[in-house]
Amino acid sequence: MIHRIALFWFGWVLISSLTIAQEKNNRPPNIIFILTDDQGWGDAHFAGHPYLKTPNLDRLAKEGTWFEQFYTAATVCSPSRAAFMTGRYPAHFHIHGHFSTHDQNSARHMPDWLPPEIPNLASLLKNNGYRTAHFGKWHLGNNPGAPPPEAYGFEVSKTVNSNGPQLGDEAKEPFFRARSTGLMIDESIQFIRDHQSQPFYINLWTLVPHALLKPTPEQLSVYADLNPMHSDFASMPWMKSYLQKSKNLKSQMQVYAASMTDLDTQIGRLLDELDRLNLTNDTIIFFSSDNGAEDYRVSNAANAGVGSTGILRARKRSMYEGGIRTFGIVRWPGKVKANHRNTTQVVAAVDFLPTLCTITQTSLPSTLESDGEDMSRAWLGENVARRKPLHWEWLFNVQGASDGYMPPSLAVRSENWKLFVNHDGSKAELYDITLDPSEQKNVATEHPSITKQLSESAISWSQSLPASELRNKPQSKSQSRPSAKTGNAPKLDRAAIFSRWDKNKDKQLDPDEYRQGVKAADHEVRFKNFDKDGNANLSFDEFVFPNGKPNTTQTPS
């Protein structure tokens, strides 16, 4: 009798195990989308960085495929993220730059957030049975009234720069940013444990290495003996020239490297947990950055501005390769080639949604007009010819214009060619990216027919976009594009804003007046950045001239 019972239970356990295994094999893959913030194309040991210790990023590259010609859809944060989410160029939604205050958004003829009614990857996957979560940076709108991540299809979120549940309070925690990747990994691991029996999709969007970087003493100790030299980048002419002008390369690089290595360490915890749960082979990891490396000439980004673009030209905010080409690493053991560097296949952020919808057998709504293409066959190792070119538009200034970082305002990539041209057809530049990935030789005059064809393509694309005053109003270059010191927003009348926010007219802004005026979740951090003398009030000069007072002055009205 006991023998029969034992046989019965053994059989039941065996059948149950086989059933679970069959269900696991039949279900679609889990997806973890790791998006770093301002990481350069050369910012990893496997990518040739002379100092960075990134064993876990190296592991991802070794166990997956690195698409070296992967492009984001924009040169800065918010529009790039919108494209990943929707599969569409951000200009379709008037998202020309980063989301900021209502006043700054309005000045750039932008909305205050990405409209949640636009089909996006999270909502599509959720409707197909996926459990969905977003941990980390959001930056798709956090002004009053902005929808939280849950409105976009995320069941769970812990975020920064959103109106949803917050990951922490950077204003009150001195090392919050330094420890933020660990907090995101904690949340991701718990979510995976809770939903390991179901397909899940996680956005893991880090804050690092975006400014302000302030690693802990423990993180810094890893690079205590680092003595960087610009000559260590001799094989990367653009980087060598750029670092040669840095003010304190040793300190800057120590801070940057420490921040990147902690990010790598935390990602290693995630990889180890997938191994422990036996989910590695069932999980796609896609790793990228929202745009190229930051520029140290931005006032708060001295330490964050020494990221490496490798051999590529220019940096964040530029449509040259260093601003829009980022890591495109796909790991899916047994499906995606391991230890493979794909140097020829062009893939892009706008492909992300249609590609994953194909892989997960998620239906696309008839109303979705994706600007990207299904690159699932390319992910799985085939060579796939693109059916349509890639397009970009940038309507603001670029740091490093004098160093050759500022191209004309439109760009198009078609086959091996990349062309820049202004909206009026002037200043065309043409590069053969296959032969000249560093964009050092403009061959427009040598290939007039290709230059004409791609110029017409770029201008036609721009004319198909929704009209924008920012694009269409005839302005001089200095009027339509801000100075490099003010980022990618047009110059605001800061004196008028100061007077409007100064409710008691005492010619200074206290923290409450600033909070009510700026209407931003990170108001305390911004206030401290302006408050140079640390007296908990902003003087007229501190607010109106955050980068230093010019020779001519303004007075409060």
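1. How many helices and strands make up the secondary structure of the protein? The count comes to 19 helices and 14 strands. Bear in mind that this is a predicted model.

2. Overall figures. Of the 557 residues of the protein, 58% count as buried. The protein exposes about 23300 Å². Carbon and sulfur atoms supply 52% of that area. Among contacts with a separation of 6 or more, 69% come from residues 24 or more positions apart.

3. The eight-stranded sheet. This sheet is open, and its pairing is mixed. The strand order reads S4-S3-S5-S1-S6-S7-S2-S8. Strands S4 (156-160) and S8 (340-348) stand at the edges. Each has a single partner strand, so one side of each is left without a neighbour in the sheet. On average, neighbouring strands of this sheet are turned by 15° against each other, direction ignored.

4. One edge of that sheet in detail. Strand S3 (residues 131-137) and S4 run parallel. Five bridges join them. Ala-133 stands opposite Val-156 in S4.

5. Helices on the eight-stranded sheet. Helix H2 (residues 55-63) packs on the sheet and touches strand S6 (283-289), strand S7 (329-331) and S8. The direction of H2 makes about 70° with that of S7. Helix H9 (residues 249-276) also packs on the sheet. H9 touches strand S1 (30-36), strand S5 (200-205), S6 and S7. The direction of H9 makes about 175° with that of S1.

6. The four-stranded sheet. This one is open too, with the order S9-S10-S11-S12 and antiparallel pairing. S9 and S12 are the edge strands, and each pairs on one side only. Neighbouring strands of this sheet are turned by 15° against each other on average, direction ignored. Inside it, S10 and S11 run antiparallel and are joined by five bridges. The bridge partner of Arg-413 is Lys-418, in S11.

7. The largest nonpolar core. This core holds 64 residues. Tyr-71, Leu-243, Met-253, Leu-390 and Leu-430 touch the most other members. Several elements give two or more residues to it, including helix H8 (237-244), H9, S8 and helix H13 (448-464). Strands S9 (390-393), S10 (410-414), S11 (417-421) and S12 (429-432) are also among them. H9 gives the most, with seven residues.

8. Which residues does Leu-390 touch, not counting residues up to four places away in sequence? They are Tyr-71, Tyr-89, Val-346, Ala-348, Val-350, Ala-411, Val-412 and Arg-413. Arg-413 is the residue already named as the bridge partner of Lys-418.

9. The second core. This is separate from the largest one and has 42 residues. Its members include Leu-35, Ala-82, Tyr-201 and Phe-286.

10. Is Ser-308 buried or exposed? Its relative accessibility is 1%. The cut-off for buried is under 20%, so Ser-308 counts as buried. Ser-308 lies in the loop between S6 and helix H10 (321-324).

11. Surroundings of Ser-308. Ser-308 and Gly-42 are 266 residues apart in sequence. In space they are 4.8 Å apart, C-alpha to C-alpha. Not counting residues up to four places away in sequence, Ser-308 touches Gly-40, Trp-41, Gly-42, Asp-43 and His-49, and also Phe-233, Met-236, Met-239 and Ala-293.

Definitions and conventions. Residues are numbered from 1 along each chain as its sequence is written. This is a predicted model: local features need pLDDT of at least 70, side-chain atom pairs count only at pLDDT 80 or more; totals for chains, interfaces and linings use all residues. Side-chain values use heavy atoms; hydrogens and water are left out. Two strands pair if DSSP finds at least two bridges between them. Axes are lines fitted to C-alpha atoms, for helices over the stretch in contact, and angles run from 0 to 180 degrees between N-to-C directions. Contact means heavy atoms within 4.5 Å. A nonpolar core is a set of buried Ala, Val, Leu, Ile, Met, Phe, Trp, Tyr and Cys residues joined through side-chain atoms within 4.5 Å. Buried means under 20% relative accessible area, exposed over 50%, partly exposed in between (1.4 Å probe, protein chains only). Accessible areas come from the Shrake-Rupley method with a 1.4 Å probe; for residues, only the protein chains shown count as cover.
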